[in-house]
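Biologist: Could you take one part of this model and look at it closely, with the cut-offs behind each term spelled out? I would like a single connected account rather than a list.

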Amino acid sequence: MRDPSGTANDHRAGEDRRSTKGARVAQNKAAAILAALGGKDNVVEIEPCITRLRCEVGDDSQVDEAALKSAGAHGVLRQGSVVQVVVGPEADTLAGDIEDLL
């Protein structure tokens with residue numbers, strides 16, 4: 001049933017659009033980070049901690065730090081095949097989104 005004022009339905013529709021847009025933005029960010037890590041074939045393992053994505057990659061020469069920062073990384077720490085991507089408190093969500101892409 002339509003709300004005669006239209007405000008409640010308009011409000012819910014606005015929330016739906018924002019949540020859909022937010023999910024798309026998060027998915028795009030996850031895809032950008034995955035690409036910057038060298039793609040799904042290069043990621044051996046990924047796990048989140050509080051503010052970082054801890055990644056093991058097959059070939060560390062395929063990791064593009066500039067692209068990671070362009071995708072929203074606050075910092076990148078590398079030691080051999082281990083790459084830590086500092087993304088802030090969204091690390092857990094991003095890790096899940098990246099795992100969905102793998």
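Modeller: I begin inside the sheet, where glutamate 56 has valine 82 in β4 as its bridge partner. Strands here, like helices, are DSSP runs numbered from the N terminus (E, at least two residues, for strands; H or I, at least four, for helices), and two strands pair if DSSP finds at least two bridges between them. The model is a predicted one, in which local features need pLDDT of at least 70 and side-chain atom pairs count only at pLDDT 80 or more, while totals for chains, interfaces and linings use all residues. Residues are numbered from 1 along each chain as its sequence is written, and side-chain values use heavy atoms, with hydrogens and water left out.

Glutamate 56 belongs to the uncovered face of β2, together with Arg52 and Arg54, whereas Leu53, Cys55 and Val57 make up the covered face. In a regular strand the side chains alternate between the two faces of the sheet. On the covered face, cysteine 55 has valine 83 as its bridge partner in β4. Strand β2 (residues 52-57) and strand β4 (residues 82-86) are joined by five bridges in the antiparallel sense.

The open sheet around this pair has four strands in the order β1-β2-β4-β3, with antiparallel pairing. At its edges lie β1 (43-48) and β3 (75-79), each of which pairs on one side only. From one strand to the next the twist averages 15°, where axes are lines fitted to C-alpha atoms, for helices over the stretch in contact, and angles run from 0 to 180 degrees between N-to-C directions. On one side of the central pair, β1 and β2 are antiparallel over five bridges and form a hairpin with three residues between them; proline 48 stands opposite leucine 53 in β2. On the other side, β3 and β4 also pair in the antiparallel sense over five bridges, with valine 85 of β4 as the bridge partner of valine 76. The hairpin of β3 and β4 has two residues between the strands, and glycine 80 takes a positive phi near 65° there.

Several of these strand residues recur in the largest nonpolar core, a set of 22 residues in which Ile33, Leu37, Leu53, Leu68, Val83 and Val85 touch the most other members. Such a core consists of buried Ala, Val, Leu, Ile, Met, Phe, Trp, Tyr and Cys residues joined through side-chain atoms within 4.5 Å, and buried means under 20% relative accessible area, with exposed over 50% and partly exposed in between (1.4 Å probe, protein chains only). At least two core residues come from each of α1 (7-36), β1, β2, β4 and α3 (91-101). Leucine 68, leaving out residues up to four places away in sequence, touches Ile33, Ala36, Leu37, Val63, Ala73, Val76 and Val85, a contact being heavy atoms within 4.5 Å.

Lysine 29, in helix α1, is also buried, since its relative accessible area is 19%. Its side chain makes a polar contact with the side chain of glutamate 90 at 2.3 Å; the term covers a pair of N or O atoms within 3.5 Å, where within protein one must be able to donate a hydrogen and the other to accept it, and residues adjacent in sequence count only if both atoms are side-chain atoms. Beyond its neighbours within four places in sequence, lysine 29 is in contact with Ala71, Gly72, Glu90 and Leu94.
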